[in-house]
2 protein chains.
Amino acid sequence: MPPRNLDPDPHAALAESWCENARAWAAAVRDGAIESRRLATDEAILRAALERRPRRILDLGCGEGWLARALAGYGVDAIGTDASAPLIEAARAAGGGTFICASYDEIAADPGLCGGPFDVAVANFALLDDRIAPLLAALRQALAADGRLLVQTLHPATAGPPYEDGWRTEDFRGFAETGWTPMPWYFRTLGSWLAALRQTGFTLTGLVEPVHPETGMPLSLLMEAAPQ
Amino acid sequence: MPPRNLDPDPHAALAESWCENARAWAAAVRDGAIESRRLATDEAILRAALERRPRRILDLGCGEGWLARALAGYGVDAIGTDASAPLIEAARAAGGGTFICASYDEIAADPGLCGGPFDVAVANFALLDDRIAPLLAALRQALAADGRLLVQTLHPATAGPPYEDGWRTEDFRGFAETGWTPMPWYFRTLGSWLAALRQTGFTLTGLVEPVHPETGMPLSLLMEAAPQ
């Protein structure tokens, strides 16, 4: 069983973890230390975004900015946002996109905060909170009429029991470096993802499930959703 | 790894298995020998169907007819269809609905074969073939404009690798009786289910995932889809 998170305020601990882990995270991403990303999930999200032939992309929870940089390399105007100031600093230092330090609450309160309309909004392993409806509703507004939302997340086939919505803890033990601050994150069942999308005005239009070449098990669930 | 099925004509073997296993299957269903059905999946499909307050339901692959009988108990006009003549015979003997012996190919060729329009069409662990698009397209036509398709199937979290579309073999080893004829069945990823629904004119509107009370793992995936 994965460790359950019983923090009375997981939202604050989640936000803090991305400041405390910023340096280690940027190094892990840039060094290719995360096997699933190296094997499949980085390419999956990049390919899904480019398939829409986008001119303008919003990269939510962009972290140190690798995806925005990769998209910029294809001539896409990429806007990255993250609530972690040190991660945005690292993204700006590397360049390749426009990077805005903003929380999801701030974007939910002002859907035009990052510009738009966007052809694609991406949340690549970046929807980790239990309260996502206000952000999704804001993205619905920030998207072009024929735009797409792309959400990549943990595949339910690999999550382990209990199969129910709830806070869990990521301790980063599978990563190369030590000294990480544990991160609370909210596991969501398939049904819960679909309900959240539909309640905020989206239709699920596609699912990509990259598979590990050796274990044969899915490495992620990549949802594509369109405004209803 | 689950056994892969390498039968050169799995379609014929699938159809034959439901004739050869008809007596054992009817006994297993009627005696409550299948734990997942007893624990959760029977109730899940019945509840999902009744939530639509239906007057007329099509029960595809109805087998010995338990679901049609249960629905008839709620005053629903239930039409059950199955390609297995001995199962339809068992369903008719028990009564409680109208039972038609017809293959999916026959229904696909004549969507009005079973009557309609239907408020709900149900396929409860009954879409076991690789070619489901012609049947789904026919159901799309047989449904009322505000009707719903309900498909209950194996949950991808419990399928085991390789996570890819393909024929597998059910040997019924987990069941009470011995002497079953192995059944070829086609495993479909989540993305493949969604693509099949969308290609045939359906939008995925809901997912129910009943969970085993002890293991905490999902016992099934129940998809609800609406005509686009």
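Visitor: Where is A:E16 placed in chain A?
Guide: In this predicted model, A:E16 has its place in helix 1, residues 10-20, of chain A.

Visitor: Why is A:E16 called partly exposed?
Guide: The relative accessibility of A:E16 is 44%, and since buried means under 20% and exposed means over 50%, with partly exposed in between, A:E16 counts as partly exposed.

Visitor: Which residues gather with A:E16 in a patch of negative charge?
Guide: On the surface, A:D7, A:D9 and A:E20 join A:E16 in that patch, and the residues Asp and Glu are the ones counted as negative.

Visitor: Why does A:T189 count as buried?
Guide: Its relative accessibility is 10%, and because the limit for buried is under 20%, A:T189 falls into that class. A:T189 is found in the loop between strand 7 (183-187) and helix 8 (190-199) of chain A, and, leaving aside residues up to four places away in sequence, A:T189 touches A:Y163, A:E164, A:D165 and B:E209.

Visitor: What are the classes of A:F125 and A:F172, and why?
Guide: A:F125, which lies in the loop between strand 4 and helix 7 (133-142) of chain A, has a relative accessible area of 24% and is therefore partly exposed, whereas A:F172, found in the loop between strand 6 and strand 7 of chain A, counts as buried because its relative accessibility is 4%.

Visitor: What is the phi of A:F125, and what is that of A:F172?
Guide: Phi is positive, near 50 degrees, for A:F125, a residue other than glycine, and A:F172, not a glycine either, has a positive phi of about 60 degrees.

Note on methods:
Residues are numbered from 1 along each chain as its sequence is written. Chains are lettered from A and ligands numbered from 1 in the order in which they are written. This is a predicted model: local features need pLDDT of at least 70, side-chain atom pairs count only at pLDDT 80 or more; totals for chains, interfaces and linings use all residues. Side-chain values use heavy atoms; hydrogens and water are left out. Patches are made of residues with over 30% relative accessible area and no salt bridge: like charges are joined within 9 Å, nonpolar side chains (Val, Leu, Ile, Met, Phe, Trp, Tyr) within 5 Å. Accessible areas come from the Shrake-Rupley method with a 1.4 Å probe; for residues, only the protein chains shown count as cover. A salt bridge is a side-chain nitrogen of Lys or Arg within 4 Å of a carboxyl oxygen of Asp or Glu. The place of a charge is taken as NZ of Lys, CZ of Arg, CG of Asp or CD of Glu. Helices (H or I, at least four residues) and strands (E, at least two) are DSSP runs, numbered from the N terminus. Buried means under 20% relative accessible area, exposed over 50%, partly exposed in between (1.4 Å probe, protein chains only). Contact means heavy atoms within 4.5 Å.
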